[in-house]
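Trainee: Could you take me through one part of this model up close, the way its helices pack against each other? I'd love one connected walk-through.

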Amino acid sequence: MTHPLGDGIYRITLPLPFPSPQSVNCYLFEGEKGLTLLDCGIDGVEEFELLIRALEGFGFGLPDLHRLVASHLHVDHMGMAKRIIDTTGCDWLMHASTIAEIPHYNDWGSRRDELARVVEASGAPDEVVERFRLETLRPAWFSEAIRPTHPVGDGHKIPLSPTRHLEVIFTPGHQANHLCLLDSRTGRLFSGDHVLPRISPFIPYTGEGHDHLGAYLDSLERIAGLDARETYPGHGPTIARGSARAHQILLHHQRRLDAMLEVVAECPRTPWHVMQAVFRPNLSSLEERLAFQETMAHLEYLRSRSRVERVSREGRWAYRIPDVGREV
Ligand SMILES: [Zn+2]
């Protein structure tokens, strides 16, 4: 599905092999040196064909591609990058912090084992731990990431013409290397998965020392403060007021943090218990994996701000309100 958005911008929507989201939005920008493509979907012969046909639908061809940008290091946004770069030789832009993360990202097996260990410590039943291990074998749609040829940082201006550029806004949280693009001519914001229209973007848990929720809320505040209006997300329809949507998502996380504090207020609770208390029942196993990581991200956010503490008994974690307050 393709759609011209005016001002030399086009949207290409490519299918995804997931139950949700079922498609990804890629955005094409005309420039003096050629086309800039933001995000490119998962890798595959069919997907590549669809991309070529979409370009042709707008009167372009693959050789017109001058640069490819990925909003973040997730397969639905950069899976096809290697195929496109090998074919066209175009420049390849990602946030500079991606470079250090690529080896870990490509190592699917150790990421899966790390998560399974955390699930085990979380108080999940044995059969759930086993299911996590079995269901997270490397899927066919996973493709390895390649290093950007042109790493970029916050504030970097990607030139489209002498009078127009796309400004990089570093927005970690949904993923540690996430960036948004702001069009200097139209003020349109291209938000990747940072701000989505219908769902609140997934916040991962990737182990001790990573406060993805803290990073996310900070970068969401930044987008909220931009007064962004028309916002073009990585999934779903255009958002009329991006900053208003950012405010809604901030509120959603505040409520979720409050709900979790309430659950652990009575007595120490395992992360698995907190997840079951806060999320709706009957989650699919994929939804359960995401909900579990979200729960951990929220609990660890609270812990790093001393709102809760974590105790460990026989290798199982429980979170509780710190004793300090109670002794006064
Ligand atoms: Zn996505």
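Mentor: Happy to! Let's start with α8 and α9, which are oblique to each other, in what is a predicted model. The axes of α8, residues 242–266, and α9 come within 10 Å and cross at roughly 125°. That angle is over 115 but not over 145 degrees, so it counts as oblique. The crossing of α8 and α9 is right-handed. On the α8 side, the contact is made by Arg256, Ala259, Met260, Val263 and Val264, while α9 brings His273, Val274, Ala277 and Val278. Sorted by character, the residues where α8 meets α9 are seven nonpolar, one polar and one charged.

From α9 we can step across to α6. The buried residues of α6 pack against α9 (271–278), and also against α5 (108–121) and α10 (285–304). Which residues are they? In α6, residues 126–135, the buried ones are Val128, Val129 and Phe132. They cover an arc of only 105° around the axis, which puts them on the same side of α6. A reminder about helices helps here: with 3.6 residues a turn in an α-helix, residues three or four places apart point the same way. Now look at the face of α6 turned away from that buried side: there you will find the exposed residues Asp126, Glu127 and Leu134.

Next, follow α6 to its partner α5. The two axes come within 9 Å and cross at roughly 170°, and α5 and α6 are therefore roughly antiparallel to each other. In this contact, α5 offers Arg112, Asp113, Leu115, Ala116, Val119 and Glu120, and these meet Val129, Phe132 and Arg133 in α6. The residues of the α5 and α6 contact divide into five nonpolar, no polar and four charged. Val129 and Phe132 thus appear both among the buried residues of α6 and in its contact with α5.

For another helix with a buried side, turn to α3, residues 81–88, where Ala81, Ile84 and Ile85 are buried. They cover an arc of only 95° around the axis, which puts them on the same side of α3. What do they pack against? The partners include the strands β4 (34–38), β5 (65–69) and β6 (91–95), along with the helices α1 (45–57) and α2 (75–78). One last detail to find on your screen: just after α3, Gly89 takes a positive phi of about 70°.

Note on methods
Residues are numbered from 1 along each chain as its sequence is written. This is a predicted model: local features need pLDDT of at least 70, side-chain atom pairs count only at pLDDT 80 or more; totals for chains, interfaces and linings use all residues. Side-chain values use heavy atoms; hydrogens and water are left out. Buried means under 20% relative accessible area, exposed over 50%, partly exposed in between (1.4 Å probe, protein chains only). Helices (H or I, at least four residues) and strands (E, at least two) are DSSP runs, numbered from the N terminus. The arc is that of the directions from the helix axis to the C-beta atoms. Contact means heavy atoms within 4.5 Å. Axes are lines fitted to C-alpha atoms, for helices over the stretch in contact, and angles run from 0 to 180 degrees between N-to-C directions. Angles under 35 degrees count as roughly parallel, over 145 as roughly antiparallel, 65 to 115 as roughly perpendicular and the rest as oblique. Ala, Val, Leu, Ile, Met, Phe, Trp, Tyr, Cys and Pro count as nonpolar, Asp, Glu, Lys and Arg as charged, and the others, Gly among them, as polar. A crossing is left-handed if the near helix is turned anticlockwise from the far one by less than a right angle, and right-handed if clockwise.
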